[in-house]
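This report describes a single protein chain for readers who have its sequence and coordinates at hand. The account moves from the strands and their turns to the interior and then to the surface.

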Amino acid sequence: MKSDPATTGVKISRRISAPRDVVFKAWTDPDEIKRWWSPLGCETPSAEVDLRVGGSYRISMKLPDGEVLFVSGVYREVQAPGKLVFTWAWDEDGVPGPESLVTVEFIERDKATEVLFSHDRLVDAESRDKHAEGWTGCFDKLEAMFC
């Protein structure tokens, strides 16, 4: 059964009070990623980034109960500082699970950056809802970095 992209994707638009190149760096520099790339109440102990088309990333997220989850993927498009497209797969027992696709656009707006985010091809509505909650928390932390 095919999933309906309209019901299995997450869309977020957020205005970040920082220049576009700074916000782009927050999405691509391992030290910056560790500051915000996990839902509220969680931490990001490690981030590895090979920022080039075909390059990969791997990020860990430590949950409040101490469990550590890993997500990884491959960069499909890198247009600094305007756009990133990358695959997304949670590690399941050491191997990548179902792959989805993340697209992030960075648009200059005065002295701020509008981030247009979409996470598509999620397996079902439950996955969509969990990712929407997680990404909203991530964006809250990202926005707080520049307040």
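## Strands, core and pocket

Pro 81 is placed in the loop between β4 (68–79) and β5. The model is a predicted one. A cis peptide bond links Ala 80 to Pro 81, with omega at about -10°. The loop belongs to a hairpin that joins β4 to β5 through three residues.

### Strand pairing

β4 and β5 are antiparallel partners and share six bridges. Within this pairing, Ser 72 has Ala 89 of β5 as its bridge partner.

Strand β5 (residues 83–92) is also joined to strand β7 (residues 100–109), again by six bridges and in the antiparallel sense. Two residue pairs illustrate this contact. Leu 84 has Val 104 of β7 as its bridge partner, and Trp 88 stands opposite Ser 100 in β7.

A further antiparallel partner of β5 is strand β6 (residues 95–96), held by two bridges. Here Glu 92 stands opposite Val 95 in β6. The hairpin of β5 and β6 has two residues between its strands, and Asp 93 in that hairpin takes a positive phi near 55°.

β7 in turn pairs with strand β8 (residues 112–120), also antiparallel, over nine bridges. Val 102 is matched with His 119 of β8 as its bridge partner. These two strands form a hairpin with two residues between them, and Asp 110 is in the turn.

The pairings are collected below.

| Strands | Sense | Bridges |
|---|---|---|
| β4 and β5 | antiparallel | six |
| β5 and β6 | antiparallel | two |
| β5 and β7 | antiparallel | six |
| β7 and β8 | antiparallel | nine |

### Positive phi angles in the loops

Asp 110 lies in the loop between β7 and β8. The phi of Asp 110 is near 55°, a positive value in a residue other than glycine. Is Asp 110 buried or exposed? Asp 110 counts as exposed because its relative accessibility is 74%, and exposed residues are those over 50%.

Arg 121 is found in the loop between β8 and α3. Arg 121 also has a positive phi, near 65°, and is likewise a residue other than glycine. With a relative accessibility of 55%, Arg 121 therefore counts as exposed.

### The nonpolar core

Which residues have the most contacts inside the largest nonpolar core? They are Trp 27, Trp 37, Phe 86 and Trp 135, in a core of 32 residues. Helix α3 (residues 125–145) gives the most to this core, contributing five residues. In soluble globular proteins, nonpolar side chains tend to be buried together.

The surroundings of Phe 86 can be set out in detail. Leaving aside residues up to four places away in sequence, Phe 86 touches Trp 27, Trp 37, Tyr 57, Val 74, Tyr 75, Arg 76, Ser 100, Leu 101, Val 102 and Val 104. Several of these residues have already appeared in the strand pairings: Ser 100 stands opposite Trp 88, Val 102 is the bridge partner of His 119, and Val 104 is that of Leu 84. Trp 27 and Trp 37, also touched by Phe 86, are named with it among the residues with the most contacts inside the core.

### Helix α3 and the largest pocket

Helix α3 also takes part in the lining of a pocket, to which it supplies the largest share, eight residues. This largest pocket has a volume of about 390 Å³. It is lined by 16 residues, and those closest to its centre are Leu 69, Trp 90, Lys 130, His 131 and Gly 134. β5 and α3 each supply at least two residues of the lining.

What is the chemical character of this lining? The residues divide into nine nonpolar, three polar and four charged.

Asp 129 lies in helix α3 as well. At 43% relative accessibility, Asp 129 counts as partly exposed, because this class falls between the limits of 20% and 50%. The C-alpha atoms of Asp 129 and Gly 82 are separated by 27 Å, the two residues being 47 residues apart along the chain.

Terms used:
Residues are numbered from 1 along each chain as its sequence is written. This is a predicted model: local features need pLDDT of at least 70, side-chain atom pairs count only at pLDDT 80 or more; totals for chains, interfaces and linings use all residues. Side-chain values use heavy atoms; hydrogens and water are left out. Two strands pair if DSSP finds at least two bridges between them. Helices (H or I, at least four residues) and strands (E, at least two) are DSSP runs, numbered from the N terminus. A nonpolar core is a set of buried Ala, Val, Leu, Ile, Met, Phe, Trp, Tyr and Cys residues joined through side-chain atoms within 4.5 Å. Buried means under 20% relative accessible area, exposed over 50%, partly exposed in between (1.4 Å probe, protein chains only). Contact means heavy atoms within 4.5 Å. On a 1 Å grid over the protein atoms alone, a cavity is a set of points where a 1.4 Å probe fits but cannot get out, and a pocket is an open set with protein on both sides within 12 Å along at least five of seven lines; lining residues have an atom within 4 Å of a point. Grid points are joined across faces, edges and corners, and a volume is the space filled by probe spheres set on the points. Ala, Val, Leu, Ile, Met, Phe, Trp, Tyr, Cys and Pro count as nonpolar, Asp, Glu, Lys and Arg as charged, and the others, Gly among them, as polar.
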